[in-house]
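Student: Please pick a single part of this model and go through it closely. Start from one residue, work outwards, and then tell me how the parts around it and elsewhere are put together.

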Amino acid sequence: MDVIDQIGQGLWNAFQMAWEVWWALVLGFLLSGIVQAWVPRSRIEGALGGRGLKPVLLSTGLGAASSSCSYAAVAIAKSMFQKGASLVSAMVFQFASTNLVFEIGIVMWIFLGWQFTLAEFVGGVILIVLMWIGIRLLVSRRAEEEGREHAQAAATGHVHHSAGGSRLLSLDAWSDVAHNFRGDWEMLWKEITAGFLIAGFVALLPMNVFNDLFLTDQGGTLQLIENVIVGPLVAVLSFVCSVGNVPLAAVLWGGGISFSGVIAFIYADLIIIPIVLIYGRYYGWRLTALLVGIMFGAMVAAALIVDAIFSGLGLIPEQRPSIDSITERGISWNYTTALNIVFTLVACALIGLTLRRGARDPVCGMTVDHRTAEASEHRGRRYVFCGSGCRAKFEADPERYAAREVSAGPAPAEH
């Protein structure tokens, strides 16, 4: 019975974490679908295609106005990169959208206090500057374009629907958004689900498992450096994303982790294992390894700089909350519940729109628009595909896929 109780508690923890960010996930993937469907490639190339200060400032502003969910931010950044934004702009956007947003500031203020909220925003700007410098110095133009080609390939990015000449308020234009929205979910739901489930069960571990990883009573430079290095590593293993990692960060703070260690932990939500796997699918593993290395270095350096600034100003809190006051949280009627209801209805409406023109890719299972998707005929039936990659796989072995899939309809009659 104890095992069953533990499983139930782990699932409940996972649900609570997902509940906290569900609305942001829907919003993020909706924005991603809109970017893919409505924003012309030339416009993004013109505004965000460079590596200079102006594209960085614009990407930072767009990110700060966007979702605070790590998975959704990564999806939007990928869409921008596919459309022609520079790698610098895409990475700056996703860091801004997870560290400079209103929602995460409120949650941090509640769980950790205003000093941590201020440190998050100050450090977020520093982190973005360090990422900008790191990518410019270490990622060549050739590597960037190879990453873009990989992101645009059918095996990772699929082919997303574009509104073309459709009026933006028309049903056809919103249908394109809906297909992109559903396609991104179908491509990433396994990584997202795994992240929340693992986080839910990691939260059951005794606090000493985490605290033993950190130096908490040494003080001085050694503890400072150890904490900012181990902090991101613990975040990677915890699998918790964005707003969801703030309560766990508060538990670590209550358990004795340093100020800088908490800041580094919070920054690391963009290098947790499920998201790194997504990077690999989007950009290829060579560029992913380089990006993760730059991110990790920037997180450690930003945490150390923030700690130095706040120590000098005397802004590091001296009081720590009790762990019980942090972990006793649940689902109640509040703004999160209201937003979750609203965005659940939005998600249902978008999925409903895909039923108008939707058909299933027999290779990857992705739902695509049967009117505009690539197609192939086999034994008098018409099959549709998310992109040329899946079409090529089908045509190489049509019997394998046709046997398990209902086609989009009969092949058109020959004239």
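**A close look at helix 4 and its surroundings**

Tutor: I76 lies in helix 4. Keep in mind throughout that this is a predicted model. I76 has a relative accessible area of 3%, and since anything under 20% counts as buried, I76 is buried. The chain also brings a distant stretch of sequence to this residue: G28 is 48 residues away from I76 along the chain, yet their C-alpha atoms are separated by 6.9 Å.

Now take the helix as a whole. Helix 4 covers residues 70-83, helix 5 covers residues 87-99, and their axes come within 9 Å of each other, crossing at roughly 160 degrees. An angle over 145 degrees counts as roughly antiparallel, so helix 4 is roughly antiparallel to helix 5. The crossing of helix 4 with helix 5 is right-handed.

Which residues of helix 4 and helix 5 meet? On the side of helix 4 they are S70, A73, V74, I76, A77, M80 and F81, and on the side of helix 5 they are L87, A90, F93, Q94, S97 and T98. I76, the residue we started from, is thus one of those that helix 4 brings to the contact. Sorted by class, the contact of helix 4 with helix 5 has nine nonpolar residues, four polar residues and no charged residues.

One partner on the other side deserves its own look. F93 is found in helix 5. Its relative accessibility is 4%, so F93 counts as buried. F93 also has a sequence-distant residue to note: P55 is 38 residues apart from F93 in sequence, and the two are 10.0 Å apart in space, C-alpha to C-alpha.

Another residue from the helix 4 side leads elsewhere. F81, listed among the residues of helix 4 that meet helix 5, also belongs to an aromatic cluster with Y279, Y282 and Y283. A pair of aromatic rings is described by the distance of the centres and the angle of the planes. With a limit of 6.5 Å between ring centres, the count comes to eight aromatic pairs.

A second packing site can be read in the same manner. Helix 12, residues 245-254, packs against helix 13 at an angle of about 160 degrees, with the axes 10 Å apart. Helix 12 and helix 13 are therefore roughly antiparallel to each other, and helix 12 passes helix 13 in a right-handed crossing. Helix 12 contributes N245, L248, A249, L252 and W253 to the contact, while helix 13 contributes F259, V262, F265 and I266. By class, the contact of helix 12 with helix 13 has eight nonpolar residues, one polar residue and no charged residues.

Helix 13 has a further partner. The axes of helix 13 (residues 259-267) and helix 15 (residues 285-313) come within 9 Å and cross at roughly 145 degrees, and this crossing is right-handed. From helix 13, the residues in contact are F259, S260, I263, A264 and Y267; from helix 15, they are M299, A302, A303, V306, D307 and F310. The class count for helix 13 with helix 15 is nine nonpolar, one polar and one charged. F259 is listed in the contact with helix 12 and also in the contact with helix 15.

Residues outside these contact lists give a contrast with I76. A289 is found in helix 15. With 54% relative accessibility, A289 counts as exposed. V276 is 13 residues apart from A289 along the chain, and their C-alpha atoms are separated by 8.8 Å. W12 is found in helix 1, which runs over residues 2-38. W12 has 39% relative accessibility and so counts as partly exposed. F201 is 189 residues away from W12 along the chain, with 9.2 Å between the C-alpha atoms.

Finally, set these parts in the whole. The protein has 19 helices and five strands. Of its 415 residues, 54% are buried, and I76 and F93 both count as buried. Of the contacts between residues at least 6 apart in sequence, 78% join residues at least 24 apart.

Notes: Residues are numbered from 1 along each chain as its sequence is written. This is a predicted model: local features need pLDDT of at least 70, side-chain atom pairs count only at pLDDT 80 or more; totals for chains, interfaces and linings use all residues. Side-chain values use heavy atoms; hydrogens and water are left out. Rings of Phe, Tyr and Trp (its six-membered ring) pair if their centres lie within 6.5 Å; planes under 30 degrees apart count as stacked, over 60 as edge-to-face and the rest as tilted. Axes are lines fitted to C-alpha atoms, for helices over the stretch in contact, and angles run from 0 to 180 degrees between N-to-C directions. Helices (H or I, at least four residues) and strands (E, at least two) are DSSP runs, numbered from the N terminus. Angles under 35 degrees count as roughly parallel, over 145 as roughly antiparallel, 65 to 115 as roughly perpendicular and the rest as oblique. A crossing is left-handed if the near helix is turned anticlockwise from the far one by less than a right angle, and right-handed if clockwise. Contact means heavy atoms within 4.5 Å. Ala, Val, Leu, Ile, Met, Phe, Trp, Tyr, Cys and Pro count as nonpolar, Asp, Glu, Lys and Arg as charged, and the others, Gly among them, as polar. Buried means under 20% relative accessible area, exposed over 50%, partly exposed in between (1.4 Å probe, protein chains only).
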